[in-house]
Amino acid sequence: MKEIPGGDGETVALGGYSGKHHGKHEIVLDTSSVTEETLTHELTHVLQEEGVKRPDIEKHLKVAEMVKEKNKRTFDEKLTLKEAMTEAETPTRCENPDEDSGYYAFLPKSSPIREEEAKIHDRNLLYRGKSDDYIRDMSKLFDKTLIKNLKLRSSRKSASQVKKDMQKRR
């Protein structure tokens with residue numbers, strides 16, 4: 001789910017990717033407020049599932065495998081990494097990225113940079129024009145993004161810590 005904090009402190013989900021069911025990818029969108037970026041975010045999840053030129057780390061973040069995870073904390077850690085990588089890539093695929101901060105709103109409050117500026121920083125770091133060249137660099141460049149510090153749900157680790165742990169186990 002791409003979650004955006006609501007004005008009253010509640011989290012509002014604008015979209016969600018639930019994996020492949022009966023041979024079809026399932027995306028749920030709030031049609032009253034869907035944007036190019038929300039749709040692109042959810043479609044990037046599809047690319048992560050099906051793309052052949054994707055970073056190796058994504059092979060361990062497939063929805064079908066993640067839902068089999070019995071340990072909730074491990075699931076949440078993998079979800080944190082998956083969403084952080086998706087959030088970093090999404091604005092690079094949009095003509096007009098949203099001004100809202102998306103998952104950047106969940107970065108630690110101790111961050112020296114505002115969430116909107118963090119999103120712009122990461123887009124400028126990752127954007128490679130109209131080619132998929134940045135996909136090959138994504139795994140390396142991810143470690144230079146600010147979204148790498150994302151922590152979701154019960155995850156005690158940031159996305160970058162989860163990525164490092166997964167790479168050690170291989």
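What follows is a walk through the fold, helix packing, salt bridges and two loop residues of this chain.

The structure is a predicted model, so local features were kept at pLDDT of at least 70 and side-chain atom pairs at pLDDT 80 or more, while totals for chains, interfaces and linings use all residues. Numbering starts from 1 along each chain as its sequence is written, and side-chain values rest on heavy atoms, with hydrogens and water left out.

The protein chain carries six helices and three strands, with helices taken as DSSP runs of H or I of at least four residues and strands as runs of E of at least two, numbered from the N terminus. Read from the N terminus, the order is β-β-β-α-α-α-α-α-α. Of the 170 residues, 42% count as buried; here buried means under 20% relative accessible area, exposed means over 50%, and partly exposed is in between, using a 1.4 Å probe and protein chains only. About 9300 Å² of the protein chain is exposed, and carbon and sulfur atoms supply 51% of that area. These areas come from the Shrake-Rupley method with a 1.4 Å probe, and for residues only the protein chains shown count as cover. As for contacts (heavy atoms within 4.5 Å), take the pairs at least 6 apart in sequence: 60% of them join residues at least 24 apart.

Helix α3 (residues 72-89) turns up in two helix pairs. The axes of α3 and α6 (residues 159-169) come within 8 Å and cross at roughly 110°. Axes here are lines fitted to C-alpha atoms, for helices over the stretch in contact, with angles from 0 to 180 degrees between N-to-C directions. The α3 and α6 helices are therefore roughly perpendicular, given that angles under 35 degrees count as roughly parallel, over 145 as roughly antiparallel, 65 to 115 as roughly perpendicular and the rest as oblique. The crossing of α3 and α6 is left-handed, a label used if the near helix is turned anticlockwise from the far one by less than a right angle, with right-handed used if clockwise. On the α3 side, Glu77, Lys78, Thr80, Leu81 and Ala84 take part, and they meet Ala159, Val162, Lys163 and Met166 of α6.

The other pair brings in α1 (residues 36-50), whose axis comes within 9 Å of that of α3 and crosses it at roughly 120°. That makes α1 and α3 oblique to each other, and their crossing is right-handed. Glu37, His41, Thr44, His45, Gln48 and Glu49 of α1 make this contact with Lys82, Glu83, Met85, Thr86, Glu87 and Glu89 of α3.

On to charges. Side chains of opposite charge can pair when their charged atoms come close. A search of the whole structure turns up twelve salt bridges, each defined as a side-chain nitrogen of Lys or Arg within 4 Å of a carboxyl oxygen of Asp or Glu. One of them sits inside α3, where Lys72 and Asp76 are four residues apart, about one turn of the helix, with an N to O distance of 3.1 Å. Lys72 is exposed, at 52% relative accessible area, whereas Asp76 is buried at 0%. Glu89 pairs with Arg93 at 2.8 Å, N to O. In this bridge Glu89 is buried at 0% relative accessibility and Arg93 is partly exposed at 29%. Asp56 and Lys59 form another salt bridge, the closest N and O atoms being 3.0 Å apart. Asp56 is partly exposed at 45%, and Lys59 counts as exposed at 54%. Arg114, Glu116 and Glu117, meanwhile, are linked in a network of salt bridges.

Two loop residues round things off. Pro91 is in the loop between α3 and α4 (115-126) and is buried, with a relative accessible area of 1%. Setting aside neighbours within four places in sequence, Pro91 is in contact with Glu37, Pro97, Lys119 and Arg123. The C-alpha atoms of Pro91 and Asn124 are 9.4 Å apart, although 33 residues separate the two along the chain. His22 is in the loop between β2 (11-21) and β3 (24-29). This histidine has a positive phi of about 55° although it is not a glycine, and His22 counts as exposed at 84% relative accessibility.
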